Amino acid sequence: MNRLTTPWGDVTLTRHPEDPRDPLRAWDAADEYLLHHLAETGTDLSGTVAVLGDRWGALVTALRAAGAGDLVQISDSYLGREATRTNLARSGAADGAVRLLTTQDPPPARIDVLLVRVPKSLALLEDQLHRLAPAVHEGTVIVGTGMVKEIHTSTLTLFERILGPTRTSLAVKKARLIHTTPDPAATPGPNPWPYRYDLPADTPAPGLAGRTVANQAGVFCADRLDIGTRFLLGHLPRDLGHARVADLGCGNGVVGLAVALAEPDAELLFTDESYQAVASAEENFRTHAGEGRKAEFTVADGLGDVPEGTLDLVLNNPPFHSHQATTDRTARRMFSDARRALAPGGELWVVGNRHLGYHVSLRRIFGNSELVASDPKFVVLRAVRR
């Protein structure tokens with residue numbers, strides 16, 4: 001936990017899940033800069049205030065303390081939403097004090113103040129600005145924020161093309177603000193998301209080649225088949241029978257879909273902490289798995305909601321970034337989740353860059369790790385719950 005000093009008092013914040021050993025803060029200079037700007041300019045917060053991309057709830061927690069009116073958070077992250085719930089409750093906010101929407105939910109009909117924490121994914125920013133533009137009116141105050149390294153010419157171009165004339169502030173503590181004046185005459189064109197592409201003819205999994213897959217904005221490697229995923233597809237376990245299989249951190253669900261096509265009796269669970277990812281995975285499964293084929297789709301913190309010992313196989317291509325920070329913390333939590341959820345004899349199969357050294361974490365958590373396949377860039381590892 002850590003304390004953020006705001007113009008309306010201090011708030012104590014945490015990321016999710018809470019871990020006293022986690023050195024990463026739940027806020028940064030970009031959040032701080034935006035909040036102080038709103039106070040110093042006397043921005044009217046009495047109307048509908050929509051906050052896009054509030055990573056751990058720092059912005060809405062502070063704005064609730066400021067007495068903002070109809071406060072709405074729009075997030076693609078399950079972990080971010082859970083952190084927001086915790087931080088609001090700790091600050092004394094009543095249930096429902098902030099409307100928590102996902103990027104898949106209909107946005108507010110009218111927005112008087114739009115605050116945007118620039119996401120890592122430019123595609124997600126583009127999609128969400130398109131979705132929010134109809135709610136913006138001539139008097140809407142629009143302010144974005146991000147660290148200098150997160151704000152590029154392409155970022156400003158999106159604000160300008162979709163919403164109106166845009167300029168940036170001077171940098172403070174390596175953070176900047178983005179100021180946009182709404183232009184009712186703006187013609188941003190159609191929203192290009194979700195994006196669809198055909199899987200390559202040499203996709204190394206039975207039945208996948210040539211199929212068209214959908215990708216919501218913000219999904220990892222949304223415009224092509226990820227090379228790590230491609231490598232895993234060429235080394236999936238076979239003859240699974242009636243195994244219960246989880247595609248953990250499913251992204252657009254191509255790995256789980258490959259299992260569904262090759263293993264007609266397998267039971268599939270697709271899970272990711274991104275609402276955009278799970279929506280993509282579900283569309284792709286419904287399109288290609290065949291009428292009547294069932295699967296579960298859940299936005300969650302890993303396999304935390306899966307009963308212990310109920311899975312036979314977990315397939316995982318873990319991320320090694322948390323926003324801009326490089327960390328193996330997420331991967332280690334995924335491995336621990338998998339071990340708990342697997343039945344005795346159940347297996348976790350992981351693909352990762354060779355240099356990440358996942359075999360060390362797997363041996364620590366499972367007590368074993370076996371190399372299934374490797375090339376100069378990637379490894380596929382197998383760990384068994386004893």
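This section describes the aromatic pairs, selected helix residues and one open sheet of a predicted model.

Seven aromatic pairs are present in the structure. In one of them, the ring centres of Trp 193 and Tyr 195 lie 6.1 Å apart and the ring planes meet at 55 degrees, so the pair is classed as tilted. The two partners fall into separate classes of accessibility: Trp 193 is buried, because its relative accessible area of 17% falls under the 20% limit used for that class, whereas Tyr 195, with a relative accessibility of 34%, is partly exposed. A second pair, formed by Phe 231 and Phe 378, is stacked, with a centre-to-centre distance of 6.4 Å and an angle of 25 degrees between the planes. This pair connects distant parts of the chain, since Phe 231 belongs to helix H6 (residues 227-233) and Phe 378 to strand E20 (residues 378-384), with the two positions 147 residues apart in sequence numbering. Both Phe 231 and Phe 378 are buried. Ring pairs also join Trp 193 and Tyr 195 with Tyr 197 in a cluster. A further arrangement that involves an aromatic ring is found at Trp 27, where the charged end of Arg 25 sits over the ring at 3.9 Å from its centre.

Helix H7 (residues 254-262) is mostly covered, with seven of its nine residues buried. These buried residues are Val 254, Val 255, Gly 256, Leu 257, Ala 258, Val 259 and Ala 260. The elements that cover them include two helices already named or described below, H6 and H8, together with strands E11 (212-215), E12 (244-248), E13 (267-272) and E15 (311-316). Helix H6 also contains Phe 231 of the stacked pair, while helix H8 (residues 275-288) contains Arg 286. The C-alpha atom of Arg 286 lies 9.7 Å from that of Leu 257, although the two residues are 29 residues apart in sequence; Leu 257 is one of the buried residues of H7. Arg 286 itself has a relative accessible area of 45% and is partly exposed. When residues up to four places away in sequence are not counted, Arg 286 touches Arg 293, Ala 295 and Phe 297.

A contrasting helix position is provided by Thr 84, which is located in helix H3 (residues 78-90) and is buried, its relative accessible area being 0%. Apart from its neighbours within four places in sequence, Thr 84 is in contact with Trp 56, Gly 57, Val 60, Gln 73 and Leu 100. Two of these contacts lead to the sheet described next, as Gln 73 falls within the residue range of strand E4 (residues 70-75) and Leu 100 within that of strand E5 (99-102).

The open sheet is built from seven strands in the order E5-E4-E3-E6-E7-E9-E8, and their pairing is mixed. Its edges are occupied by strand E5 and strand E8 (166-168), each of which has a single partner strand, so one side of each is left without a neighbour in the sheet. On average, and with direction ignored, neighbouring strands of the sheet are turned by 20 degrees against each other. At the E5 edge, strands E4 and E5 pair in the parallel sense over four bridges, and Ser 75 has Thr 102 in E5 as its bridge partner.

How values were computed. Residues numbered from 1 in each chain as written. Predicted model: local features only at pLDDT ≥ 70, side-chain atom pairs only at ≥ 80, totals over all residues. Heavy atoms only, no water. Phe/Tyr/Trp six-rings, centres within 6.5 Å; stacked < 30°, edge-to-face > 60°. Buried < 20%, exposed > 50% of the residue type's maximum accessible area, 1.4 Å probe, protein only. Lys NZ or Arg CZ within 6 Å of the ring centre and 35° of its normal. Contact = heavy atoms within 4.5 Å. Pairing = 2+ DSSP bridges. Axes fitted to C-alpha atoms, helices over the stretch in contact; angles between N-to-C directions.
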